[in-house]
Amino acid sequence: MTQETGSRMDKIVALCRRRAFIFQSSEIYGGINGFWDYGPLGAELKRNLKNAWWKDIVQCPAAGPDGSWLDMVGLDSTIIMNRRVWEASGHATGFNDPMVDDRQTKQRFRADHLFGLYVDALPADPNASPDTSPGTPANAPALNTAFPILTMVASSAGEAAELLEASGRKWLKEAGLPMKLATCTPEAVTLDYRGTPLAAKLAPVPAAQLKSAPGSIPSPFTHRAGTLTEPRQFNLMFKTYVGAVQDEESMAYLRPETAQGIFANFRNIIDTSRVKVPFGIAQIGKAFRNEVTPRNFTFRSREFEQMEIEFFIHPDTAAEWYAWWRDSRFAWWQSIGLTSSNLQMRAHDRDELAHYAKDGAGTSDIEYRFPFTDPGFGELEGVAHRTDFDLRQHAEFSGLGEKLKYFDQLQNQRYFPHVIEPSAGADRGTLALLCEAYHDDPNRPSGVVMKFHPRMAPIKAAIFPLVDKDSMPEIATKLFTDLRRTWNVQLDIKQNIGKRYARMDEVGTPYCFTIDTQTLADQTVTVRHRDTLAQDRIGISQVRSFLSDKIGEI
Ligand code: GAP
């Protein structure tokens, strides 16, 4: 991440705070790490995203690969479920992150988020090098090519380079290393060691190295070696207790994904909803993960919302449905405004596949290049062929066995359907919409314009009487009262018109309608277009159909 992109993210975060998109949770008490609140405009934006998803997935889904309509139903299952659900799904034992503690500072981080600065070659004059002989005391500066000389916690090489660039000089001093940082990019770093250039590089610290020699790796907090523990598995599920007694028996988990609520209701839905394979169950809801290092604004939160589909299919059709869902989900994100090259699709390598997808047709991530991942990308949605893993597990753990199979009347066959799972994050989606919309524009009084897709814009239109007299406020109020039945619109009567436009640019309102002197004469209003700044006139009676054309009903 460059300085420019770093400051771009700072500006987006500041705008989110200033214009009531996103606040830190419990801010008046100093906040709580990994939790975020959506203010009035953020709540509208996120709701628009979720409503569009529900409408396009459950209510009016696209035609499938053979041109016929998809069979989709919705669900709203609970956050707390019987604990056996999480034993069956594998989360109780397998939903872990490897975690390392710094015994001195008591700080904790994900082992796979530790980046190290490795020196490529030692200085030509060995006498000039600090002591690197075996048995060097743990706190002495180490300089050899096997271990990093500095470490930092980051989720990408770009972020690691940025941290190093910002603080590397200070850290080298804290580490007691007699060298200076000369150049620093994610690909290459050069150090100045008493006038001799030393080539170095940033790379993730290998898990094996952390495991075998944690004492030789400098802490990312103190920059001295000797205080890190080896990685330990840390279960990410939050625990709570159900009922008055708090004991092992009453312990329950907050769900870490909404998907299992769908699998646990599979039998209920096929028995009651007249759905036939292929069909899908969709759900939007909160999920909770006690992330070791929540970071990057809302990107990695501890409480977040998912929009998940479990699409049940005959096993023989998995490859076709997987490809169809992958491509249609990508097209959907584009349809709501993520049209730039910041959106990409990435197929997982075999060694990245989750346990439930190992034997499947594949997994792909739809990724977005956020300012904090740039030049890399961060996951927005995963599309995975989960095989029949979950249904088989629930059949076994619930004791339902064969009863959880689907009976295919056409083929006179009983089987566990396979599942294609497109699983998206509503918070990451909202964040991507904010990042994509943000445009600096020094030619506008606001200095910034949020170019949301009209369907996503939190405020669809603003209505302004040019002045607060001559019956203009009354005409504006009448128009506002009519439009608000369908859209989130705003009436703003006070201040000069330039300031009112500026406020709307800053929150991405696509259209402003102004009632002026000419309105009184010919019943027309000025329409101001956010992106082009063009202004034209339409009849006041056409405003509703104008917005319907441009925005639709949600
Ligand atoms: N049921 C499959 C599943 O949960 P996942 O990749 O762990 O898969 C799906 O999560 C989506 O949920 C991600 O693509 C991301 O958008 C969102 N997500 C996951 N962890 C998150 C977190 N800590 N904060 C915000 N969103 C998260």
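**Notes on the predicted model**

1. Let me start at an odd spot: Thr524 sits in strand 27, which covers residues 524-529. Keep in mind throughout that this is a predicted model. Thr524 counts as buried, with a relative accessibility of 14%. If you want a feel for distances, take Thr524 and Ala361: their C-alpha atoms are 58 Å apart in space, with the two positions 163 residues apart in sequence.

2. On to the ligand. Its shell is made of 21 residues, and the closest are Glu257, Arg289, Ser301, Glu308 and Glu379. What does the shell look like by class? There are 10 charged residues, six polar ones and five nonpolar ones. Strand 18 gives the most to this shell, five residues. Strand 15 (303-313), strand 18 (378-387) and strand 21 (418-425) each bring at least two.

3. Now the polar contacts that oxygen atoms of the ligand make. A polar atom in the side chain of Glu379 comes to 2.6 Å from a ligand oxygen. For Arg289, an N or O atom of the side chain is 2.8 Å from an oxygen of the ligand. Leu380 takes part through its backbone, with an N or O atom 2.9 Å from a ligand oxygen. How much of the ligand does the protein bury? On its own the ligand exposes 560 Å², and 90% of that is buried by the protein.

4. Arg255 deserves a look of its own. You'll find Arg255 in the loop between strand 13 (251-253) and helix 7 (259-264). Arg255 is buried but has no salt bridge, and the nearest side chain of opposite charge, Asp76, is 5.6 Å away. The cut-off for a salt bridge is 4 Å between a side-chain nitrogen and a carboxyl oxygen, so a pair at that distance doesn't count. What does the side chain of Arg255 have for polar company? The backbone oxygen of Lys286 lies 2.6 Å from a polar atom of that side chain. The backbone oxygen of Thr78 is 3.2 Å from a polar atom of the Arg255 side chain.

5. Two cis peptide bonds to check. Val277 and Pro278 are joined by one, with omega at about 5°. Pro278 belongs to the loop between helix 8 (266-272) and strand 14 (279-288). The bond from Asp374 to Pro375 is cis as well, with omega near 10°. Pro375 falls in the loop between strand 17 (363-368) and strand 18.

6. Backbone angles next. Ser26 isn't a glycine, yet its phi is positive, near 55°. Ser26 lies in the loop between strand 1 (22-24) and strand 2 (36-38), and is partly exposed at 32% relative accessible area. Asn296 is another non-glycine residue with a positive phi, near 60°. Asn296 is in the loop between strand 14 and strand 15. Is Asn296 buried or exposed? With a relative accessibility of 16%, Asn296 counts as buried.

7. Salt bridges: the structure has 38 of them. In one of these, Arg83 pairs with Glu248, at 3.6 Å from N to O. Arg83 is in the loop between strand 3 (72-75) and helix 3 (84-89), and Glu248 is in the loop between strand 12 (239-241) and strand 13, so this pair ties together parts that are 165 residues apart in sequence. Glu248 itself is exposed, with a relative accessible area of 57%.

8. Then there's Asp97 with Arg110, a salt bridge whose closest N and O atoms are 3.4 Å apart. Asp97 is in strand 4 (residues 96-101) and Arg110 in strand 5 (residues 108-110), with 13 residues separating them in sequence. Asp97 counts as buried at 10% relative accessibility, and Arg110 is buried at 11%.

9. Last pair: the side chains of Asp327 and Arg326 form a salt bridge at 3.1 Å, N to O. Asp327 is partly exposed at 41% relative accessibility, and Arg326 is partly exposed at 22%. Elsewhere, Lys46, Lys50, Glu305 and Asp427 are joined into one network by salt bridges that share partners.

Definitions and conventions:
Residues are numbered from 1 along each chain as its sequence is written. This is a predicted model: local features need pLDDT of at least 70, side-chain atom pairs count only at pLDDT 80 or more; totals for chains, interfaces and linings use all residues. Side-chain values use heavy atoms; hydrogens and water are left out. A residue is near a molecule or strand if one of its heavy atoms lies within 4 Å of it. A polar contact is a pair of N or O atoms within 3.5 Å; within protein, one must be able to donate a hydrogen and the other to accept it, and residues adjacent in sequence count only if both atoms are side-chain atoms. Accessible areas come from the Shrake-Rupley method with a 1.4 Å probe; for residues, only the protein chains shown count as cover. Helices (H or I, at least four residues) and strands (E, at least two) are DSSP runs, numbered from the N terminus. Ala, Val, Leu, Ile, Met, Phe, Trp, Tyr, Cys and Pro count as nonpolar, Asp, Glu, Lys and Arg as charged, and the others, Gly among them, as polar. Buried means under 20% relative accessible area, exposed over 50%, partly exposed in between (1.4 Å probe, protein chains only). Lys and Arg count as positive and Asp and Glu as negative; His and the chain ends are not counted.
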